[in-house]
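Reader: Please take a close look at one part of this model and describe how it is built and what packs around it. Then set that part in the context of the rest of the chain.

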Amino acid sequence: MTCAAKASINLKALQYNLQRVRESAGNSDVIAVIKANGYGHGLLRVAQALANSDAFAVAKTEEALALREAGITKPILLLEGFTDGPELALLQQHAIDTVVHHPEQITLLEQARLPQPLKVWLKVDTGMHRLGIGIDQFDTCFSRLQACNNVMPSMVIMSHFANADDRSDPRTFTQLKRFFNATKGCDLPFSLANSAAILSCDESHGAWVRPGIMLYGVSPFIKGVASDEGLQPVMTLSSKLIAVNHYKKGSALGYGGSWRCPEDMPVGVVAIGYGDGYPRAASAGTPVLINGVRVPLIGRVSMDMINVDLRALPAAKIGDSAILWGEGLAVEEIAECAQTIPYELLCRVTQRVKFIEV
Ligand SMILES: Cc1ncc(COP(=O)(O)O)c(C=O)c1O
């Protein structure tokens, strides 16, 4: 039998979700965020499928270079920026645009000898407190960049929201106000909106929106699922039943015997586990779709397998299909059962899983 665990990547859904971004932020250009291997979906396949976006954003220089090596000619923005002169030279050589989030990077730009200038996105920290120059540093940093021969005049100014995943959180508006106050007077295109802000905060749209998770068909909000936002799931993680066993009442299942059969019952074994990226933290009761029917996971997740309660599906048999998330089963729901976020589940599907495009 071939590899049972599969991640089916629906490229049409990816394109459909890009269209949803365009509908929500019609006046903005779209920089598709495809870092971390396209949120776990495959960097190149995602880049190729999103040929209608206006640019790509990645986090690491290696990701940007992989795109260039594959022949992607669209603008690419490096969200984490560079840390030294050689990396800066590499970016310039491959026409990779860069975020500047720290005065030390401006010094590196001032000291560099580059054959051509780079396009820079100046990142301001308006409350996220991760990357970005302080708002009180904005005027100085902006002037230094304007005066620097290695920087193209067509800069973009940007910031990132910390709480946009909660529509009712007033801190998003506070960040927005801080940004507009700090940058007023400089007539440059701006970029603020991640997926959540694209869908919930029109004032933040600006020249460039930066969707990530919504492209992959996942709700960016702490509550709700993709279908609430008119998004279609891109990844469906599936496998198969490789055993159906019948246990007596009181039998303890799996490592630690943490789950006991409340009665004589059929138990299915699905060939997927944390070695494939299915979260070990998924608790008993996490839904699994067997032949399209929701049944609960029981016992602990092991490296290669999980057990499922087949009392609702006594006719289930070896070879029957199991969907862990995606089509018909929201990854948002599984993330909640595993006390994590959908971003993490999508990113950590391992190489053992066979990726197929549908
Ligand atoms: C700077 C920046 N912009 C945009 C995004 C996209 O965010 P989301 O996936 O929530 O749309 C990210 C993702 O982490 C990011 O770091």
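Author: What follows begins with the chain as a whole, turns to one helix in detail, and then moves outward.

The model is predicted, and local features are reported only at pLDDT of at least 70, with side-chain atom pairs counted only at pLDDT 80 or more, while totals for chains, interfaces and linings use all residues. Residues are numbered from 1 along each chain as its sequence is written.

The chain has 358 residues, of which 47% count as buried (20 or more other C-beta atoms within 10 Å of the residue's own, with C-beta atoms placed from the backbone; 12 or fewer is exposed, and anything in between is partly exposed). The C-alpha trace spans about 75 × 40 × 35 Å along its principal axes. The secondary structure comes to eleven helices and 18 strands, taken as DSSP runs numbered from the N terminus (H or I over at least four residues for a helix, E over at least two for a strand). Of the contacts between residues at least 6 apart in sequence, 63% join residues at least 24 apart (a contact being two C-beta atoms, placed from the backbone, within 7 Å).

The part chosen is helix 8. This helix covers residues 171-183, and its 13 residues should span 18 Å at 1.5 Å a residue, which agrees with the 18 Å between its end C-alpha atoms (the expected span is 1.5 Å times one less than the number of residues). Its buried residues are Thr172, Gln175, Leu176, Phe179, Ala182 and Thr183. Seen down the axis of helix 8, these residues fall within an arc of 140°, so they line one face; the arc is taken over the directions from the helix axis to the C-beta atoms. An α-helix has 3.6 residues a turn, so residues three or four places apart point the same way. On the face of helix 8 turned away from the buried side sit the exposed residues Lys177 and Asn181.

Several elements cover the buried residues of helix 8, including helix 7 (138-147), strand 7 (156-158), strand 8 (190-191) and helix 9 (195-200). After helix 8 comes Gly185, with a positive phi near 95°. Among the covering elements, helix 7 holds Asp139. Asp139 has 13 C-beta neighbours inside 10 Å and therefore counts as partly exposed. The C-alpha atom of Asp139 lies 9.2 Å from that of Cys186, although 47 residues of chain separate the two.

Helix 9 also appears around helix 1: the buried residues of helix 1 pack against strand 2 (29-33), helix 3 (43-49), helix 9 and strand 9 (208-209). Helix 1 runs over residues 11-24, and its 14 residues should span 20 Å at 1.5 Å a residue, in agreement with the 20 Å between its end C-alpha atoms. Buried in helix 1 are Ala13, Leu14, Asn17, Leu18, Arg20, Val21 and Ser24. They fall within an arc of 150° seen down the axis of helix 1, so they too line one face. The exposed residues Lys12, Gln19 and Glu23 occupy the face of helix 1 turned away from that buried side.

The ligand is surrounded by Val33, Leu79, His160, Asn194, Ser195, Arg210, Pro211, Gly212, Ile213, Met214 and Pro220; a residue is taken as near the ligand if its C-beta atom, placed from the backbone, lies within 6 Å of it. Six of the shell residues are nonpolar, four polar and one charged (Ala, Val, Leu, Ile, Met, Phe, Trp, Tyr, Cys and Pro count as nonpolar, Asp, Glu, Lys and Arg as charged, and the others, Gly among them, as polar).

Helix 2 (residues 35-39) contains Asn37, whose phi is positive at about 60° although Asn37 is not a glycine. Tyr39 is also in helix 2, and its phi is positive as well, near 50°. With 18 C-beta neighbours inside 10 Å, Asn37 counts as partly exposed, whereas Tyr39, with 22, counts as buried.

Further along the chain, strand 14 (residues 287-290) and strand 15 (residues 293-298) run antiparallel and are joined by four bridges; strands pair if DSSP finds at least two bridges between them. Val288 has Val295 of strand 15 as its bridge partner. The two strands form a hairpin with two residues between them, and Asn291 in the turn has a positive phi of about 50°. Strand 15 is also joined by two bridges to strand 16 (residues 306-309), again antiparallel, with Ile298 partnered by Asn307 in strand 16. Two bridges join strand 14 to the antiparallel strand 17 (residues 321-325), where Ala322 stands opposite Ile290.
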